[in-house]
Amino acid sequence: METIQPSVPTQPGTPAPDAGGATKAMRSAYNRAGLGIFAVYNVLQLVGSLLFGGAVGVLVVTKLLSQLMDADLDVTNLPQMISRIMQMLSEPKAHFILILFYTLGSVVGMLVGLLVLRAILGKSAPVEKRSLGAGKFLMVVLMSFGLWGVGALFGNLPSFFNVNESLGTEFLQQGAGAWLMYLYVCIGAPFFEELVCRKLLLDKLHPFGEGFAAIASGLLFGLIHGNSAQFFLAFLLGTLFAMVYLRTGKVIYTMLLHAIINTTASLPELFQQGGIDIVLGWDIAVGCLVVAGLITLIVMRKDAILHPIKSTVENANRSAWRNVGMILYRIFGLVTLVSTDLILIYGSFSSGQGPASLLRLIPTAAAIVLVLLLPRLTRRFEGKPAEPSDEGAALAS
């Protein structure tokens, strides 16, 4: 099998390896990356909340007014009010409308977020396009399953002790309109998230060193999920997908990989919609894929796709992490992650699952440690600074 070899970027706009210009350009690029993902996250949440919250509000108000007119509702009876609201939101028509607006909010939010991110990142140098090949793509698929399995097992540690956790969105995965949600998860999310966290980010960051670019892509992708249950698998997969894009310059590869993982993860719920239980068979099949993936990772450990080119920018590690954008988003991401995990723990406690729910603190603490120590671990991606050049670093804007 042919091995893809890395190549030093030669696109127009690649910063020259001078002592000051390239360092400043790298710091600016990573600053913009952190601020850009921060903006994407908040735009997505804002647009999604407005559309979904507006749909809920219209449904509730319309139904309550109708019942008030029929003198069928006592507004002074709070338990009755809450019970009626929950009942009306679970009705098939209302349920479909909620799923529709939740999905619509996600799509519109990501579209707006893409435009905002492009504006913040500014000029970029596209990665050189190359073909991956069917054989190598299959190997990467298996490696993806291996990393997904490791990340999912650790992130979902409490579930192995019969601790059921819920983010409160299970109602979106049930009913006649649930296919809309799964359509977004299996197709929409891979499309938008790969454009944001791979295509746009890596086009901006790759000229300053592949290692830093891949890790930053994986980290921002992991934190944008907002909880430790998904953080580790998203971080590991995001880093691998980043290397695939850096080697090929074709985001379609990472979109396909992302879609394969998301679709596989959704299969039990998708079949459950039709009353078919495939959990046992799915567990066995996925277990085999995870083992095969880990073996593939070991076999291909020396392949160029797992070995990024080191940065020749002076003070690259400091430039990548010690800037306002990356510091802000790491803090924001950790606060969001810890808050969500604490809510999960509280929910498990309140449902009577007791001390076992505290196991959630293990992946939470591990995520905090990883995010805080990552700048120390990425020093290995610093290479020997190149000789000064008279060319300018043109990628700072």
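The following exercises, each with a worked solution, concern helices, burial and contacts in a predicted model.

Residues are numbered from 1 along each chain as its sequence is written, and side-chain values use heavy atoms, with hydrogens and water left out. Because the model is predicted, local features need pLDDT of at least 70 and side-chain atom pairs count only at pLDDT 80 or more, while totals for chains, interfaces and linings use all residues.

**Exercise 1. Describe the largest nonpolar core and the surroundings of Phe231.**

Start from the definition: a nonpolar core is a set of buried Ala, Val, Leu, Ile, Met, Phe, Trp, Tyr and Cys residues joined through side-chain atoms within 4.5 Å, where buried means under 20% relative accessible area, exposed over 50% and partly exposed in between, with a 1.4 Å probe and protein chains only. The largest such core holds 84 residues, and those with the most contacts inside it are Tyr30, Trp148, Phe231 and Trp321. Helix H7 (residues 228-248) gives the largest share of this core, 13 residues; helices here are DSSP runs of H or I with at least four residues, numbered from the N terminus. Next, take contact as heavy atoms within 4.5 Å: leaving aside neighbours within four places in sequence, Phe231 is in contact with residues including Leu219, Leu337 and Val371.

**Exercise 2. Compare the spans of H4 and H11 with their expected values.**

The expected span is 1.5 Å times one less than the number of residues. For H4 (residues 134-155), with 22 residues, this rule gives 32 Å, and the distance from first C-alpha to last is 31 Å, which is close. For H11, with 27 residues, the expected 39 Å agrees with the 39 Å between its end C-alpha atoms. As to burial, H4 is mostly covered, since 16 of its 22 residues are buried, and H11 is followed by Gly352, whose phi is positive, near 85 degrees.

**Exercise 3. Establish whether Asn323 is buried or exposed, and what it touches.**

First locate Asn323, which lies in the loop between helix H10 (316-321) and helix H11 (324-350). Its relative accessible area is 5%, so Asn323 is buried. Not counting residues up to four places away in sequence, Asn323 touches Arg27, Tyr30 and Asn31, and its side chain reaches the backbone nitrogen of Asn31 at 3.4 Å.

**Exercise 4. Classify Asp283, Cys186 and Cys288 by accessibility.**

Asp283, found in helix H9 (residues 279-299), counts as partly exposed because its relative accessibility is 40%. Cys186, at 10%, counts as buried, whereas Cys288, at 51%, counts as exposed.

Key
Helices (H or I, at least four residues) and strands (E, at least two) are DSSP runs, numbered from the N terminus. A polar contact is a pair of N or O atoms within 3.5 Å; within protein, one must be able to donate a hydrogen and the other to accept it, and residues adjacent in sequence count only if both atoms are side-chain atoms.
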